[in-house]
Amino acid sequence: MKLRTRIIWISCLSIFGALLAGDIIIWILAYKNLMNEAFVSAYRDSFLVANDFREHLLLAQASDADDEVYLQYLLKSYQDDYNVCIYYEDYQVPQTAKTVYNHTIFPMEDFLEQDYRIYYEEMYYARVRWKNTPYILFRYSHQGTIFLYRLCDVSAVEERIGLLAVATLFLLVVLTAAASLILGSVLKKVLKPLGELNETTKRIADNDYGQRVVIKRMDEIGELGESFNKMAEAVEARTKSLEESEQKKTLFMGDLTHELKTPLTAISGYAQTLLTAKITKEEEEEALLYIDKEAKRLSRLSKKMMRLLELDADAEPELTETPVEELFEWVRRACGAILKEKQITLHCEEHGELLPMDVELMTDVLINLVDNAVKASKEGGKIILRARERCIEVRDFGQGIPKEELGRIMEPFYMIDKSRSRRTGGAGLGLALVAMIAKRHGIRIEIDSRIGEGTRFILQFV
């Protein structure tokens with residue numbers, strides 16, 4: 001069952017129940033009021049008849065008239081069907097009772113067996129139901145031997161209550177139907193955004209992540225739509241991120257396979273030559289040197305790969321305020337060999353700066369940047385390692401990087417000049433490692449490069 005139908009049913013049942021409870025209360029109060037009015041009217045008529053009855057009996061007794069004959073004559077003169085007169089020779093002996101006058105359809109025994117309650121002086125009453133008709137029965141006694149019963153039909157009260165019940169039930173049904181129509185119309189308008197939200201959800205579930213809900217009002221449903229849009233944006237962004245990550249991993253594995261294939265092919269080829277062919281001593285040494293060179297290259301590649309994997313899995317690094325002077329000194333020592341090989345001067349500038357860092361990771365960053373600067377520089381060149389304010393700058397005066405390549409040089413295995421990189425033992429992982437460490441530190445990397453003038457890597461600390 002749909003939400004709208006369920007709400008209409010619950011609301012209509014609630015309205016019907018509330019109105020019905022109100023109607024029942026009205027019926028009970030109306031019945032009591034009408035019954036009280038009928039009782040008072042019946043008592044008034046019975047009292048008048050009883051008073052007239054008593055006066056005529058007193059006159060008859062004064063003239064020594066026959067009681068039974070006079071009673072019959074008197075009661076017939078009232079000309080109604082509601083009076084019964086019972087005469088006792090001795091009230092203490094019930095068997096002496098006899099009916100003097102009974103113009104009703106009910107026998108004398110029915111009047112005698114009722115449970116009467118006193119109402120006023122010698123007037124008693126009882127509520128009875130004969131043949132499914134309600135009556136009020138009044139009893140008046142004269143001198144303990146003559147009893148006058150007056151039967152008052154109050155069925156009109158139940159008829160009026162029945163008519164009232166029919167009218168109120170009809171009104172109840174009409175009101176409930178009207179309420180259901182109004183409620184259905186209102187809910188259709190109110191729940192329309194939920195229907196749109198449901199359709200949008202289905203389309204998103206079918207991989208259409210660009211779908212959004214149109215917010216037309218800022219009530220609770222509008223807020224739900226806004227939250228849904230934010231969630232959809234987050235899902236879309238996350239999905240794109242995962243897709244990009246998956247693509248990068250695919251490219252990464254492809255590049256890794258390619259990078260491993262070349263040295264492995266060379267190592268395998270030279271190894272097969274050493275095992276199967278007769279070669280001179282010089283050729284054997286050349287083959288062994290090449291195998292050693294390629295093995296070292298694979299070793300460096302595996303170390304950088306492991307470093308990247310460690311950084312991808314590890315928690316955030318613990319940063320401590322470290323003097324830049326110490327960092328530069330460690331980099332100078334680590335890069336001493338490659339600087340000496342090309343006779344390049346490393347010029348360090350610092351002014352006592354303290355920066356938050358993981359020293360080991362930041363040393364890796366600067367070693368990779370200096371190593372790239374050495375590869376890009378000519379022999380006898382100069383590299384500047386400078387600290388100022390909250391940034392560290394690595395600058396070379398080499399061949400520079402084309403503008404169209406700047407956006408990709410941080411990608412794993414991406415190399416601008418693949419032939420030169422392989423000659424120098426590069427695999428395109430150094431800058432990827434730099435980018436990952438910088439991201440862990442919250443460092444922003446800026447690159448300023450001009451062809452033929454050199455490149456500046458600026459590490460901007462937060």
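Which residue in β6 stands opposite Tyr87? The residue opposite Tyr87 is Ile146. This report concerns a predicted model, and it proceeds from the sheet that contains β6 to a helix, its packing and the salt bridges.

**The open sheet**

Strand β6 covers residues 146-153 and pairs with strand β1, residues 83-88, in the antiparallel sense. The pairing of β1 and β6 extends over 5 bridges. Both strands belong to an open sheet of 6 strands, whose order is β2-β1-β6-β5-β4-β3 and whose pairing is antiparallel. At its edges are β2 (97-102) and β3 (117-120), each of which pairs on one side only. On average, and with direction ignored, neighbouring strands of this sheet are turned by 30 degrees against each other.

**Helix α8 and its surroundings**

Helix α8 comprises residues 324-334, and its buried residues are Val324, Leu327, Phe328 and Val331. Viewed down the axis of α8, these buried residues fall within an arc of 95 degrees, so they line one face of the helix. The general rule is that an α-helix has 3.6 residues a turn, so residues three or four places apart point the same way. On α8, the face turned away from the buried side carries the exposed residues Glu325 and Arg333.

Which elements do the buried residues of α8 pack against? They pack against the strands β7 (320-323), β8 (345-349), β9 (354-357), β10 (382-388) and β11 (391-396), and also against α10.

Helix α10, residues 359-376, is the place of Asn368. Asn368 has a relative accessible area of 9% and is therefore buried. Its side chain reaches the backbone oxygen of Asp364 at 2.8 Å.

**Salt bridges**

A search of the whole structure finds 11 salt bridges. The following table gives some of them.

| Pair | Closest N to O distance |
|---|---|
| Arg332 and Glu329 | 3.9 Å |
| Glu393 and Arg388 | 3.6 Å |
| Glu393 and Arg456 | 3.5 Å |

The pair Arg332 and Glu329 belongs to helix α8, where the two residues are 3 residues apart and thus separated by about one helical turn. Arg332 is partly exposed, with a relative accessible area of 34%. Glu329 is also partly exposed, at 32% relative accessibility.

Glu393 takes part in a salt bridge with Arg388 and in another with Arg456. Is Glu393 buried or exposed? At 1% relative accessibility, Glu393 counts as buried. Arg388, by contrast, is partly exposed at 34% relative accessibility, and Arg456 is partly exposed with a relative accessible area of 22%. Each of these salt bridges thus joins a buried carboxylate residue to a partly exposed arginine.

What does the pair of Glu393 and Arg456 tie together? Glu393 lies in strand β11 and Arg456 in strand β13 (residues 454-460), so the pair ties together parts that are 63 residues apart in sequence.

Glu393, Arg388 and Arg456 are also among the members of a network of salt bridges. The network further includes Glu349, Arg386, Asp448 and Arg450.

Note on methods:
Residues numbered from 1 in each chain as written. Predicted model: local features only at pLDDT ≥ 70, side-chain atom pairs only at ≥ 80, totals over all residues. Heavy atoms only, no water. Helix = DSSP H or I, 4+ residues; strand = E, 2+ residues; numbered from the N terminus. Buried < 20%, exposed > 50% of the residue type's maximum accessible area, 1.4 Å probe, protein only. Polar contact = N/O pair within 3.5 Å; in protein donor to acceptor, adjacent residues only side chain to side chain. Pairing = 2+ DSSP bridges. Axes fitted to C-alpha atoms, helices over the stretch in contact; angles between N-to-C directions. Arc of directions from axis to C-beta. Contact = heavy atoms within 4.5 Å. Salt bridge = Lys/Arg side-chain N within 4 Å of Asp/Glu carboxyl O.
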